[in-house]
Amino acid sequence: MCCESKRRFLLLYATQKGQAKAIAEEIWQQAGAHGLEADMHCISEMDKYNLEAEKDPVVIVISTTGTGDPPDTARKFVKKIQDKTLPPDHFAHLQYGLLGLGDSEYMFFCNGGRTVDRRLQELGAQHFYDTGLADDCVGLELVVDPWIDGLWLALKEALQLQKEKEGMDSAVDAVSSSLSTALHAVHELNLSSEVQNLKLEDGGARGSDVLSQKLDDVNLVAPARDTEPSLIHSVPPVSQSALNIPALPPEYIEVQFQEAQGENPHLSSLIPEGATFEVPVTKAVQLTREDAIKTSLLLEIDIADTAFEYQPGDAFCVICPNNISEVEELLHVLGLSEKGDDLVCVKVKQGTKKKGASRPQHIPERSTLKFILMWCLEIRAIPKKAFLRALVECTSDAGEKRRLQELCSRQGASDYTRFIRDSNVCLLDLLHAFPSCKPSLSLLIEHLPKLQARSYSVSSSNLYQPGRLCFVFNIVEFPAGPSRPVSRKGVCTGWLAELVAPLLHPSENTLDTKGESSLTEKVSIFPRPNNTFHLPADPSVPFIMVGPGTGISPFIGFLQHRQKLREQHPDWTFGETWLFFGCRHQDRDYLFKQLRCFLENGTLTHLKVCFSRDSSTAEVAPPKYVQDVLRLCAKEVAGVLLKDRGYFYVCGDKKHMADDVSDAVVDILSMEMEADKLEAMKILAMLREAKRYLQDVWS
């Protein structure tokens, strides 16, 4: 190894969207100031490290994807360590510390990290430092920052203990005692977000001096007259504090403009996951009335001439561009309006101090500037603190510079959460708020993440509609606010709505001789199969579907598929089917009134609907939400789950529905089994484990 034996530690990261890698790079960068060397690798690069022979401490940063899976980059590693033939002392020599990243909006919070942590423990590995679990729902930094702060002492103690074991056996007990003290000091790292926030706010200069650098060249700006802070100004104590700000990330990208003409790469080259399909949109229907609070669209795409395959319950991804107006606005603010169609060459900067620097995989080596901003970079991404720190160096106004420093500092943690994270602020908002900030294109490529394809649930059955795929979505709206002066639509839903507008509102110019639209807009898609959210393999097993709003989408595919199976196999026995659907208003956003057809032909046995915003003159008010209707059917629901060993599917909003449905099921099980709530929760956990209580949810 290139690093000195006793001051080295192995640093592994497993990332899906770049968060874990960015945190690992921060650890690698800080290590030198502590007299340590981090030997950093992606966990997928198993040819570059060997845990079976690793003697030095190991630090692992790992995210979670999907509904609780390890990231794609960790799949081979997880499969390897889950080999059941491995002995229980396989990693008995290994000392490690693990930082898991997740989102508590989802049921299996930090499950990627927990899975690796649990398995390493089962194979005999020992913690030299307590596991940290960071929550993206409230801000990763609330756990990440103090976890990194405490890491250095624990690492030094672990390295010292290792040295003593090797050379001075007589001192082992004393050093172990010292290590125990160090571990105890950091035992409470995984506290609630509120406590962590208090620690950060009160920390001041107590934070590690090498984690961040103090201001020494910027005068404190005079406090603003307003008593309330905002994105662009602060109030005491932040405005009067000396600040601990992150170290400046090293530059590593160089961009060269070229006058030569050339073609942009095909969109399929941006997706390493596998085959992509360019398919025409053949139909678009607005499912909601114009006066509905949300606008829901159903799109049908033609996959007949492709190898695209799916099952009801699967999802697929749409490759979408950024909004063209926002891209042009960004080019204008950056002073690059005239260069949008110029070819640019992106390569690693010579002499960069960034370890293992390489051109990001999602950035083509040669393409036009507009292509990079349209298809490659998530320009709507909420800027990370490291990005804010880099933007400080591009800002000329002293007051603006100071405020950006505050927003990326420990002392400004609450302001960052309130005015950037919770306000969903993006780069454009920052550049308008801080007009003297003029970042380079290379800085944007270094700090903006990959523009992710957007995932949608399939709302059809290939058995029912061969060669067709349907999906349903709400057009996402982001209203204007103090930190964001303009309203915006969702990146993908806004683009799709604009794309299919001629299909929704055909004019005489777009109709053919038969009165049908002659336009054929195309979208690029790729499959994202769901391993579990499918119909029961045994058609005689009953199942319950809960899908308010657009959460009904996959269940339309379920029912279409079931209807065709009933037609093709009249001799089969089919179990009962229940559907619980809810929306705001019966006359405005009842998305699929044709559900009655499934009820009438026997495909659907029970249909239960509710309308949360409709007024009622009945003596007993009807239930407003699906969880209320579930409780009214408690005996039947419990019978399906317990007596008939049926399935329970939930699809829709995680925050405002799925948790309430889960609570309702616990109450139903408790009541019908005459058991306490804890016992009912155990039964629900068993149903989840048996893949009989399944969720497809989003936040």
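**Cavities, sheets and a pocket**

Met-46, Tyr-49, Leu-51, Glu-52, Phe-77, Lys-80, Ile-81 and Phe-91 form the lining of the second largest cavity. The model in which this cavity is found is a predicted one. The volume of the second largest cavity is about 60 Å³. By class, its lining consists of six nonpolar residues, two charged residues and no polar ones. Rolling a probe the size of a water molecule over the atoms shows where empty space is left.

In total, three cavities of 30 Å³ or more are present in the structure. The largest cavity encloses about 80 Å³ of space. Its lining is made up of Leu-270, Ile-271, Ile-319, Cys-320, His-362, Trp-375, Cys-376, Lys-450, Leu-451, Gln-452 and Ala-453. Eight of these residues are nonpolar, two are polar and one is charged. Two domains take part in this lining: domain 2 (273-320 + 453-505 + 520-531) and domain 3 (321-451) each provide at least three residues.

The second largest pocket also involves these two domains, for its lining takes at least three residues from domain 2 and at least three from domain 3. The volume of this pocket is about 450 Å³. There are 23 residues in its lining, and those closest to the centre of the pocket are Asn-323, Glu-326, Arg-380, Lys-489 and Glu-498. The lining comprises nine nonpolar, seven polar and seven charged residues. Four elements each contribute at least two lining residues, namely α7 (324-333), α12 (427-433), β18 (488-489) and α14 (491-499). Which of the elements gives the most to this lining? It is α14, with five residues.

Helix α14 also leads to the next part of the structure. It lies across β11, β12 (315-319), β15, β16 and β19 (522-528), and it runs at about 70 degrees to β15. These five strands belong to an open sheet of six, whose order is β15-β12-β19-β10-β11-β16 and whose pairing is antiparallel. At the edges of this sheet stand β15 (454-457) and β16 (468-474), each of which pairs on one side only. On average, neighbouring strands of the sheet are turned by 40 degrees against each other, if direction is ignored. Strands of a sheet pair through backbone hydrogen bonds, either parallel or antiparallel. One example of the antiparallel sense is given by β10 (residues 277-286) and β11 (residues 296-302), which are joined by five bridges. Within this pair of strands, Gln-286 is placed opposite Leu-297 of β11.

A further sheet may now be considered. In what order do its five strands stand? The order is β22-β21-β20-β23-β24; this sheet is open, and its pairing is parallel. Its edge strands, β22 (606-611) and β24 (693-698), each pair on one side only. From one strand to the next, the twist averages 10 degrees. Strand β20 (residues 543-546) and strand β21 (residues 577-583) run parallel and are joined by four bridges. Here Met-545 has Leu-579 of β21 opposite to it.

Helices lie across this parallel sheet as well. Helix α19 (residues 634-643) lies across β20, β21 and β23 (647-653), and its direction makes an angle of about 120 degrees with β23. Helix α20 (residues 654-673) lies across β20, β23 and β24, and it runs at about 155 degrees to β23.

Other strand pairings involve β13. Six bridges link β9 (residues 253-258) with β13 (residues 343-348) in the antiparallel sense. Ile-253 has Val-348 of β13 as its bridge partner. Strand β13 is also joined by three bridges to β14 (residues 366-368), and these two strands run antiparallel. In this pairing, Leu-343 is matched with Thr-368 of β14.

Finally, two details of the backbone deserve attention. Pro-236 and Pro-237 are joined by a cis peptide bond, with an omega of about 5 degrees. Pro-237 lies in the loop between β7 (212-214) and β8 (244-246). What is the sign of phi at Asn-424? It is positive, near 55 degrees, in a residue other than glycine. Asn-424 is located in the loop between α11 (413-421) and α12. Helix α12 was named above as one of the elements that supply at least two residues to the lining of the second largest pocket.

Definitions and conventions. Residues numbered from 1 in each chain as written. Predicted model: local features only at pLDDT ≥ 70, side-chain atom pairs only at ≥ 80, totals over all residues. Heavy atoms only, no water. 1 Å grid on protein atoms, 1.4 Å probe; cavity = no way out; pocket = protein on both sides within 12 Å on 5 of 7 lines; lining within 4 Å. Points joined across faces, edges and corners; volume = space filled by probe spheres on them. Nonpolar A, V, L, I, M, F, W, Y, C, P; charged D, E, K, R; others polar. Domains from an automatic or database assignment. Pairing = 2+ DSSP bridges. Axes fitted to C-alpha atoms, helices over the stretch in contact; angles between N-to-C directions. Contact = heavy atoms within 4.5 Å.
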